[in-house]
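Open your viewer and get ready to click along. At each stop you select something, look around, and read what is there.

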Amino acid sequence: MSTDEVDLEALPDDELVAQMHDDLYDGLAAEILEGTNILLERNWGADKVLNEALVEGMRIVGIDFRDGILFVPEVLLAANAMKGGMAILRPLLAETGAERMGTVVIGTVKGDIHDIGKNLVGMMLEGAGFEVVDLGINNPVEAYLEALEEHKPDILGMSALLTTTMPYMKVVIQALEEKGIRDDQIVLVGGAPLNEEFGKAVGADAYCRDAAVAAETAQALVLARRAAAATAS
Ligand code: B1M
């Protein structure tokens, strides 16, 4: 059925979510905004809307992109539609009243322009009580170094979605080591092609599978550092 004929308000929750997956697939930003608002009005939590309607929709897009059924222009439209929905959810996810935990500098590494996952991680970190400095995409070592110098964060987060760009995380961590500032902050890495082993190999403090894990890990490691500092002093 074309979306013109669908009254989203009239659909029960499960059909609305399925329709949103279709609409995301078709890059229909206005429909994604409307669907997101309807689910919120139906008292869905922001995290449930995010995971079940948006992230799941993007997972389906990812499969057809991989299989050569969708191409970059279509996926860009889907990504933009998803970002519209995320913009509505952002303040809700950040509004948890969590205690202030510190600052995170986060960015996607050089050569990589994927930012949806990173943006989600940023939102969840805000919700977990962190101030987030988002460096955006395609960051060379210098951009990370400048931001660390300026913001003196508790955490540096790096995102990579391509097997060709993930090794750049090692370049950044090596630069921190060479400058003698590696241990000034916790380093977290994430992105679909990474895994635990890779995180260890590049010298990160932790690999984070998803945004929720990133927020939990960030909190746990900051609290552990504070406890260790308190014991040492
Ligand atoms: Co790209 N792309 N893409 N793409 N793209 C992938 C990554 C790919 C797996 C698709 C595929 O073939 N199945 C494939 C990579 C293959 C590989 O390297 N092995 C791929 C490719 C090949 C490409 C191009 C090379 C295509 C081309 O030009 N021929 C090109 C590269 C551009 C570049 O970066 N230089 C390209 C371009 C694009 C678009 C621009 C069209 C668009 C990006 C739009 C945007 O981000 N603004 C795009 C998209 C959307 C995707 C897929 C479909 C979806 C990615 C996404 O947003 N997922 C993706 C397929 C896939 O991943 N299944 C694909 C949803 C998001 C919520 O999940 O990003 O994994 P994710 O983030 C998660 C976790 O990974 C983790 O938490 C997030 C939330 O839970 N996480 C972190 C992520 N970052 C973290 C940082 C942390 C912690 C956790 O720090 C602490």
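## Stop 1: a glutamate under cover

Select Glu-126 to begin: its relative accessible area is 16%, so this residue is buried. Keep in mind as you look that this is a predicted model. Glu-126 sits in helix α5, which runs over residues 116–127.

What is Glu-126 in contact with, once its neighbours within four places in sequence are left aside? Show Arg-90, Ala-94, Arg-100 and Val-132, and you have the answer.

Now add Pro-91 to your selection. Along the chain, Pro-91 and Glu-126 are 35 residues apart, yet the separation of their C-alpha atoms is 9.1 Å. Pro-91 belongs to helix α4. Is Pro-91 buried, partly exposed or exposed? It counts as partly exposed, because its relative accessibility is 44%.

## Stop 2: helix α2 and its partners

Next, select residues 29–41, which form helix α2. A quick ruler check works nicely here. With 13 residues at 1.5 Å a residue, α2 should span 18 Å, and the distance between its end C-alpha atoms is indeed 18 Å.

Colour the buried residues of α2: Glu-31, Ile-32, Gly-35, Thr-36, Ile-38, Leu-39 and Leu-40. Which helices do they pack against? Their partners are α1, α3 (46–66) and α4 (72–94). While you turn the helix, here is a handy rule: an α-helix has 3.6 residues a turn, so residues three or four places apart point the same way.

Take α1 as the first partner by selecting residues 13–25. The axes of α1 and α2 are 9 Å apart, and the two helices pack at an angle of about 155°. Because angles over 145 degrees count this way, α1 is roughly antiparallel to α2. Their crossing is left-handed. To see the contact, show Leu-16, Val-17, Met-20, Asp-23 and Leu-24 on the α1 side, then Glu-31, Ile-32, Gly-35, Thr-36, Ile-38 and Leu-39 on the α2 side. Sorted by kind, the residues of this contact are 7 nonpolar, 2 polar and 2 charged.

Now hide α1 and bring up α4. Here the packing angle with α2 is about 30°, and the axes are 7 Å apart. That makes α2 roughly parallel to α4, and the crossing is right-handed. From α2, pick Ala-29, Ile-32, Leu-33, Thr-36, Asn-37 and Leu-40; from α4, pick Ala-81, Gly-84, Gly-85, Ile-88, Leu-89 and Leu-92, which they meet. How many residues of this contact are nonpolar, polar and charged? There are 8 nonpolar, 4 polar and no charged.

## Stop 3: the tyrosine in α1

Bring α1 back and select Tyr-25, which is found in that helix. Tyr-25 counts as partly exposed, because its relative accessibility is 23%. Not counting residues up to four places away in sequence, Tyr-25 touches Ile-60, Val-61, Asp-64, Ile-69 and Leu-70. Try a distance as well: the C-alpha atoms of Tyr-25 and Ile-38 are separated by 19 Å, while the two residues are 13 apart along the chain.

## Stop 4: two positive phi angles

Before the next clicks, one piece of background: most residues other than glycine have a negative phi.

Select Asn-43, which follows α2 and lies in the loop between α2 and α3. Its phi is near 70°, a positive value in a residue other than glycine. Is Asn-43 buried or exposed? With a relative accessible area of 71%, Asn-43 is exposed.

Then jump to Lys-152, in the loop between α6 (141–151) and β3. Lys-152 is not a glycine either, and its phi is positive, about 40°. Its relative accessible area is 59%, so Lys-152 is exposed.

## Stop 5: helix α9

Finish with residues 211–232, helix α9. Its 22 residues reach 31 Å from the first C-alpha to the last, close to the 32 Å expected at 1.5 Å a residue.

Which residues of α9 are buried? Highlight Ala-211, Val-213, Ala-214, Ala-215, Thr-217, Ala-218 and Val-222. To see what covers them, switch on elements including α5, β2 (130–134), β3 (155–159), β4 (186–190) and β5 (206–208). Among these is α5, the helix that holds Glu-126 from your opening stop.

Note on methods:
Residues numbered from 1 in each chain as written. Predicted model: local features only at pLDDT ≥ 70, side-chain atom pairs only at ≥ 80, totals over all residues. Heavy atoms only, no water. Axes fitted to C-alpha atoms, helices over the stretch in contact; angles between N-to-C directions. Helix = DSSP H or I, 4+ residues; strand = E, 2+ residues; numbered from the N terminus. Parallel < 35°, antiparallel > 145°, perpendicular 65-115°, else oblique. Left-handed = near helix turned anticlockwise from the far one by under 90°. Contact = heavy atoms within 4.5 Å. Nonpolar A, V, L, I, M, F, W, Y, C, P; charged D, E, K, R; others polar. Expected span 1.5 Å × (residues − 1). Buried < 20%, exposed > 50% of the residue type's maximum accessible area, 1.4 Å probe, protein only.
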